[in-house]
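Here's a quick briefing to read with the structure open beside you. It goes through a few charged pairs, one pocket and the chain as a whole.

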Amino acid sequence: MGRIAGRFARVEPRRRARQLMLGLLADLPRKNCWTIAEHTGDATPDGLQHLLARAKWDADAVRDDLRAYVVDQLADDQAVLVVDETGDLKKGIRTLGVQRQYTGTAGRIENSQVAVYLTHTSHHGHAAIDRAPCLPRSWTSDPERLQQAGVPDGTGFATKPQLAQRMIEHALDAGTPAAWAAADEVYGDNPALRSAREALGLGYVLAVSCSHHVPTPAGPVRADRLAKKIPRRAWQKLSAGRGAKGHRYYAWALVVITAANLTGHHHLMVRSNRITGELAYYRCWSPHPAPLATLVRFAGSRWTVEEMFQSSKGLAGLDEHQVRRWDSWPRWVTLALLAHAFLAITAARERQGHTPVDDGTSPDGLIPLTCNEIQRLFITLVVQPVHDTAHRLGWSTWRRRHQARARHSHYQRQAAL
């Protein structure tokens, strides 16, 4: 809170922001303005709703503080910027950007809101540093709907790759140290996004579809057809990183891409599941030569954004907002991401000084604390005492007022006699 305190001109919204973040980190079955207000001792959610809808503060400035916080604690010279989108299931038609659309959250077409997020990943840890809501064409083609939601004039339709590129450029312009970028097929199949990253000198490992056409001296060839020409001796068993059940081993192969007008080092990387034989494909580029093991490691960094979604939704209420306007959405989301970044960075600090062995434990046999465990400790040691103190203070204030009113009534009765 000390990092973002200067973004609030008045003490009231600053206290409300702290109240909201403590509520987001609390162990509540549902996290919205009503439940958080009740948890923190308010009779109504009016104060929190005012913070999100009408109070004067800049959510993008707080976003910049969030990015600086994450970079200060987690940055290294081989950090990866990971992009992905997630859907939040919503009811009704008035929530910003909501419509019936496919979302991986539900695995089917549902009434949902979709947003793109940018995650900063390093060997220290990972946390989100930017966000952008997706406005579908059903919204951008309806001026009345945009006006009701408070969307600024001139805001038009933007694809997910376009939103991703804006966030990446903004992060790099702000001095965010990063050498690589990673994303799934939605972004890897977009040639404009790949070209923009090459122009920035940012290496990438982007998943592409099997129908993706790879340039060759003989003309474009589908990725799946090119993979069939890879000899058996070219495959290597490598780990894409440690998962919940240990290292994730796959068979990998690398195909050099050579074609006219290509600069830098281009490759098609193919991953094979050693059990099912299922293939996955990646377009890779770097300004300098990079070995296969390095590209595999950055390909494996994609899971960090999925872990961020799961953790920030489960622990910090990222998807539980009940806001409808353009200004309110980034306010809730930014504070939720800041709350999650606190957990992620505290977990990273906990891991510092631990040299894990093969089973993931430290030499003393202990597993470093995770975000879930840190949240439980934080609730027990910080949030609950604050809540209890606020409750006691509220009870004391009520008792003093009640006693004062009782004395006043007593004196009035004595005077009447």
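## Salt bridges, a pocket and the overall fold

Asp72 sits out in the open: its relative accessibility of 53% is over the 50% cut-off, so it counts as exposed. Keep in mind that this is a predicted model. Asp72 makes a good way in, as its side chain meets that of Arg3 in a salt bridge, with 3.4 Å from N to O.

**The Arg3 end of the chain**

- Arg3 is in the segment before helix H1 (11-25) while Asp72 belongs to helix H4, so their salt bridge ties together parts that lie 69 residues apart in sequence.
- Arg3 itself counts as partly exposed, at 41% relative accessibility.
- Arg3 also meets another residue of helix H4, namely Asp65.
- Setting aside neighbours within four places in sequence, the contacts of Asp65 are Arg3, Ile4 and Arg7.
- The C-alpha atoms of Asp65 and Arg3 are 6.6 Å apart, although 62 residues separate the two along the chain.
- Is Asp65 buried or exposed? With a relative accessible area of 13%, which is under the 20% cut-off, Asp65 is buried.

**Other salt bridges**

- The count of salt bridges comes to 14.
- One of them pairs Glu85 with Lys160, with the closest N and O atoms 3.9 Å apart.
- That pair is another link between distant parts of the chain: Glu85 is in strand E1 (residues 80-89) and Lys160 is in helix H7, 75 residues away.
- Glu85 is the buried partner, at 19% relative accessible area, whereas Lys160 is partly exposed at 27%.
- Asp224 and Arg222 also join their side chains in a salt bridge, this time at 2.8 Å from N to O.
- Here the acidic residue, Asp224, is buried at 17% relative accessibility, and Arg222 is partly exposed at 25%.
- Which residues are joined into one network by salt bridges that share partners? They are Asp60, Arg63, Asp64, Arg67, Asp130 and Arg131.

**The second largest pocket**

- The second largest pocket holds about 520 Å³ of space.
- Its lining takes in 23 residues, and those closest to the centre are Asp60, Arg131, Ala132, Pro133 and Trp326.
- Two of these names, Asp60 and Arg131, come up in the salt-bridge network as well.
- Which elements give two or more residues to the lining? They are helix H4 (59-74), strand E4 (126-133), helix H7 (160-173) and helix H13 (328-351).
- Helix H4 is thus a familiar name here, given that Asp65 has its place there too.
- Sorted by class, the lining has twelve nonpolar residues, eight charged ones and three polar ones.

**The chain as a whole**

- The protein chain has 14 helices and twelve strands.
- Of its 417 residues, 47% are buried.
- Looking at contacts between residues at least 6 apart in sequence, 63% join residues at least 24 apart.
- The chain exposes about 21,700 Å², and carbon and sulfur atoms supply 52% of that area.

Technical notes: Residues are numbered from 1 along each chain as its sequence is written. This is a predicted model: local features need pLDDT of at least 70, side-chain atom pairs count only at pLDDT 80 or more; totals for chains, interfaces and linings use all residues. Side-chain values use heavy atoms; hydrogens and water are left out. On a 1 Å grid over the protein atoms alone, a cavity is a set of points where a 1.4 Å probe fits but cannot get out, and a pocket is an open set with protein on both sides within 12 Å along at least five of seven lines; lining residues have an atom within 4 Å of a point. Grid points are joined across faces, edges and corners, and a volume is the space filled by probe spheres set on the points. Helices (H or I, at least four residues) and strands (E, at least two) are DSSP runs, numbered from the N terminus. Ala, Val, Leu, Ile, Met, Phe, Trp, Tyr, Cys and Pro count as nonpolar, Asp, Glu, Lys and Arg as charged, and the others, Gly among them, as polar. A salt bridge is a side-chain nitrogen of Lys or Arg within 4 Å of a carboxyl oxygen of Asp or Glu. Buried means under 20% relative accessible area, exposed over 50%, partly exposed in between (1.4 Å probe, protein chains only). Contact means heavy atoms within 4.5 Å. Accessible areas come from the Shrake-Rupley method with a 1.4 Å probe; for residues, only the protein chains shown count as cover.
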